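Student: I should like to learn how surface, core and helix packing are read from a model. Please take each in turn.

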Amino acid sequence: MNPILTLKKPLIKISKRLARNYVPRGVILIIDVLISIFAAQFTFFLITSVSDGKLKFVHLNWEFLCLIAIQTLFFILFKSYAGVVRYTGFKDSIKQLQTTISTVVTLIIINEFILHVYGSKILVNGGAIIYGFIVFSLLFLFRVIVKRAYQLINLDTSYTKAYILGTSLTDVALAESVISDSKTSFDIVGFISETNKLNKTRILTLPIITLEELEHKKKRLGTSVIVSSQKLRELGTMNSDILNNILDLDLKVLKLPDIQDWNGGSISSEIKKVNLEDLLQRTPIQLQKDKLRTIYKNKTILVTGAAGSIGSEIVRQLIRFEPKKILLLDQAETPLHHMSLELESEYPDLDFENIIANVRCYTRLKEIFDKFQLDVIFHGAAYKHVPMMEANPIEALDVNLIGTKNLSDLAIQYKISRFVFVSTDKAVNPTNIMGASKRSAEIYLQSIARNKSNTTRFITTRFGNVLGSNGSVIPHFKKQIENLGPVTVTHPEITRYFMTIDEACQLVLEAGAMGNGGEIYVFDMGKPVKIIDLAKQMIRLSGFKPYKDIDIIYTGLRPGEKLYEELLADKENTLPTHHQQILIAKASYVFDSEKLILLENFQNQILNNNVYKSIEVLKKLVPEFIPLSEKDRQKSVI
């Protein structure tokens, strides 16, 4: 065995152990004093060698001792030794500069006093300035060397080579921050220009290259591209040519989140892999936090469907507004158990309770209302899978309508302050049972909201698909990509509106706080996204190339599925609110005695499990509900 390697391993272990612990501040003071002794000796050597030509390397006279005493005094006064050397930064260099300047100025002042009284000097004024340059350089160099050594010792893996996308001031600041980070795991090797025209070739001594030049570079393997969140928003679309070109070059794309989303770590630890949600590029949501806090603080809040993707995120978003208690209601025991474990771990001071219940069971719900004095209800429990509900219509109608009716009737009876219903874009001109069932629930809530004797504010929120939610297309695509394809898309032209889970739930809370009762709030979902584009980007982000590494095939529209979803989020059909991303759908439904009789008949048919008559009444109650016939579906498939 190589003896050098045998010796090297324990030395590295010892070095790492030392690096994990802070060196006592007294030791740093001693090192600084030793550095100043060396600087003083070198200064005296330079001065004497120039003045009389005699080379004297060691000076232990009273002048030398005075200089060291003054320097040590300012070390102690400014506590320049108190910082953690491994994290040396700009502030530390300022501290060293303060001690050095103070020492030099004090030397010059004392020199003038001694010269006037005794006719001699500690050190000539020029020598004092020379000493200042030497000691500051050595003190700063010592800290830089220790910082770099610490980085090398504690780096378990090699640095990741990375380019910064863009050459703006923000991009340069990002590069500087990563380079100066004491815990960085990135080696910034250059900047990528977004255009092929270069006004300059270097920034921070690092090269600027174009994507075309990058394509011809041989050493691209393992290299990443770091982009700021601001830059991602500027690029702006799911089909950004720049991002697609970078991904096609087998480069990993990483992003630095907006500063308000940092977790408090070093800048390098905040840099994460770009995911599909980042490519939606919506303007960050600005919540009226003070108003929301007045609505939800110290309130007992019931969240139905609390174990689902939407319900669980509503719970997480509510926590910041300090509710008195949160009740998590769901019929799925295992997901609810997992949610409970998460809350116990992440929010140990949160007062919450798990409730296993089915919203179809009025008696069970009444027990809950009797036991807890509720203030606010967020109703997210629902059946939402379109093809499955086409095959099981009574279940969809029972949960989505009767479940909503049970909760809303109890909300009126127990004088609950607010009832926020989570609806869907599929309720607009529905072509499937799921959408029609949600629309019928909307109609029921609007009908009871019209009764002025009710004190409960019934608020409906309507939005499109949520990225990554349970049963969404994203987990399905992900599994297909893991199996190396093929990825299945129903139709090349099918589009959907998408939001991230946290975006949707933030807007639900905002709408819930602003509603006066009876409104249907529509969220600005941005532009619809082609599902085929979604599939291509997921393949690219997974490190593969569409059609080359993984195929995409078309399977045809499923029962009840539309090519395009509608939100009615336009000026003709909506009214603005104080929040630019939340609109109010104009009321177009006329309530009369006939409609109220229909509602009652509808409920009876569902409870009697009569599928045919239930759907027949549903079509009368929701006249815009026109199911897609088999013939229509076949026409829409190419």
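Student: What does the accessible surface of the chain come to, and which share belongs to carbon and sulfur atoms?

Tutor: Accessible areas come from the Shrake-Rupley method with a 1.4 Å probe. For this chain the surface is about 32,200 Å², with 56% belonging to carbon and sulfur atoms. This is a predicted model, in which local features need pLDDT of at least 70, side-chain atom pairs count only at pLDDT 80 or more, and totals for chains, interfaces and linings use all residues. Residues are numbered from 1 along each chain as its sequence is written, and side-chain values use heavy atoms, without hydrogens and water.

Student: How is a nonpolar core recognised, and which residues of the largest one touch the most other members?

Tutor: A nonpolar core is a set of buried (under 20% relative accessible area, 1.4 Å probe, protein chains only) Ala, Val, Leu, Ile, Met, Phe, Trp, Tyr and Cys residues joined through side-chain atoms within 4.5 Å. The largest here has 44 residues, and L302, L329, F369, F419, F602 and L618 touch the most other members. A second, separate core of 42 residues includes V376, V422, V508 and Y521.

Student: How does one describe the packing of two helices?

Tutor: One gives the angle between their axes and the distance between the axes. The axes of α11 (residues 289–296) and α19 (residues 501–514) come within 10 Å and cross at roughly 70°. α11 is therefore roughly perpendicular to α19, a term covering angles of 65 to 115 degrees. Contacts (heavy atoms within 4.5 Å) involve K291, L292, I295 and Y296 of α11 and L509, E510, G512, A513 and M514 of α19.

Conventions. Buried < 20%, exposed > 50% of the residue type's maximum accessible area, 1.4 Å probe, protein only. Axes fitted to C-alpha atoms, helices over the stretch in contact; angles between N-to-C directions. Helix = DSSP H or I, 4+ residues; strand = E, 2+ residues; numbered from the N terminus. Parallel < 35°, antiparallel > 145°, perpendicular 65-115°, else oblique.
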